[in-house]
Amino acid sequence: MAAIYGFGGYVPSRVMTNDDWAALIDTSDEWITTRTGIKKRHFAADDEATVDLAAAAATRAIEDAGLTANDIDEIIVATDTPEAYTPDTASFLQHRLGCREIPAYDLGGSGCAGFIQALDVARARLLLTPRTILIVGVELISRLMSWEDRSFCVLFGDAAGAMIMGPGEGKAELLHVVAGTDGSQADILTLKTGGTRHPFNAEALTSGAYNHLDMDGGRVFREAVRRMAGSVVDVLDYLDESIDNVSLLIPHQANKRIIDAVGHKLKINSESVYVNVQDYGNTGSATVPFATWEAMIKGLITSGDLVVLTAFGAGFHWAAAALRFN
């Protein structure tokens, strides 16, 4: 059995509202809200980096589990905005938390589906050898995105979410995970510059390509809805459960239109779909673990609840996980 012992989340204190953005670029609260449902988002302070956000969420999860850093046997970090190009953010996090010299590694490049994929990796690791694993989803997107492209800058926020997994009993049981990738769709959501095919250079700096995200909005919308809804159906079919038995669906918080379309496709009551995109924007791989933690501290999840998490991301990746809370 793969149990979840503890949950944690963190957002920086700095808040950027739609009106704040309207003072900087050609946009408005109405334009942003109508298209995305987002009203505000949190941005890291100048002295905060990715590991600061990750450590804050991880510390809360460790405390929630009733453990200490010394109890952690492995760390997995899902992020596309790492502390450094190398080594990975997990290395910095292991040191920051004061953990033993344990395995620690990143899952990067999976976009917003990264955290659920990390849950699946952790579940497989647990089946091999019983251990206590810290899984963190963290993004500090504000530091890397263009602040001039109104199509993208208003969408994102910074945050971190964490869970502690291990064998036996816990606050919840991870029942099953499904995931998939369609690499033929990699071009619909990508940051091309910075890798070996399109290296960062003077031309990329001058043109602004180094922080320009290519996104085919229409195709991303269609794929996101189809893949998130489909993965929820797949994970429930495996468990022989009905959507009617799902107490709470926690989807990736990309924008309200996608969330609403997924709920409609699944024919689930809107009150059973958790939405916080209006307060935080799209926080990448942090959205699902942070939203789960927030739903718990709000008292929206109780003993016996079947909760399904689902996400999509660049790759094109998608995943869903089912949890039964104790």
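To what degree, by relative accessibility, is Glu241 exposed? At 23% relative accessibility, Glu241 counts as partly exposed; in this usage buried means under 20% relative accessible area, exposed over 50%, and partly exposed in between (1.4 Å probe, protein chains only).

This is a predicted model, in which local features need pLDDT of at least 70 and side-chain atom pairs count only at pLDDT 80 or more, while totals for chains, interfaces and linings use all residues. Residues are numbered from 1 along each chain as its sequence is written, and side-chain values use heavy atoms, with hydrogens and water left out.

The structure holds twelve salt bridges, a salt bridge being a side-chain nitrogen of Lys or Arg within 4 Å of a carboxyl oxygen of Asp or Glu. The table lists some of them.

| Salt bridge | Closest N and O atoms |
|---|---|
| Lys39 and Asp29 | 3.0 Å |
| Asp64 and Lys171 | 3.9 Å |
| Glu241 and Arg324 | 3.0 Å |

Lys39 lies in the loop between helix 2 (29-36) and strand 3 (40-43) and Asp29 in helix 2, so this pair ties together parts ten residues apart in sequence. Helices (H or I, at least four residues) and strands (E, at least two) are DSSP runs, numbered from the N terminus. Lys39 is partly exposed at 35%, as is Asp29 at 25%.

Asp64, in helix 3 (residues 50-64), and Lys171, in the loop between strand 7 (159-167) and strand 8 (172-181), link distant parts of the chain, 107 residues apart.

Glu241 belongs to the loop between helix 7 (217-239) and strand 11 (248-251), and Arg324 to strand 13 (residues 317-325), so their pairing ties together parts 83 residues apart in sequence. Asp182, Glu223, Arg226 and Arg227 are joined into one network by salt bridges that share partners.
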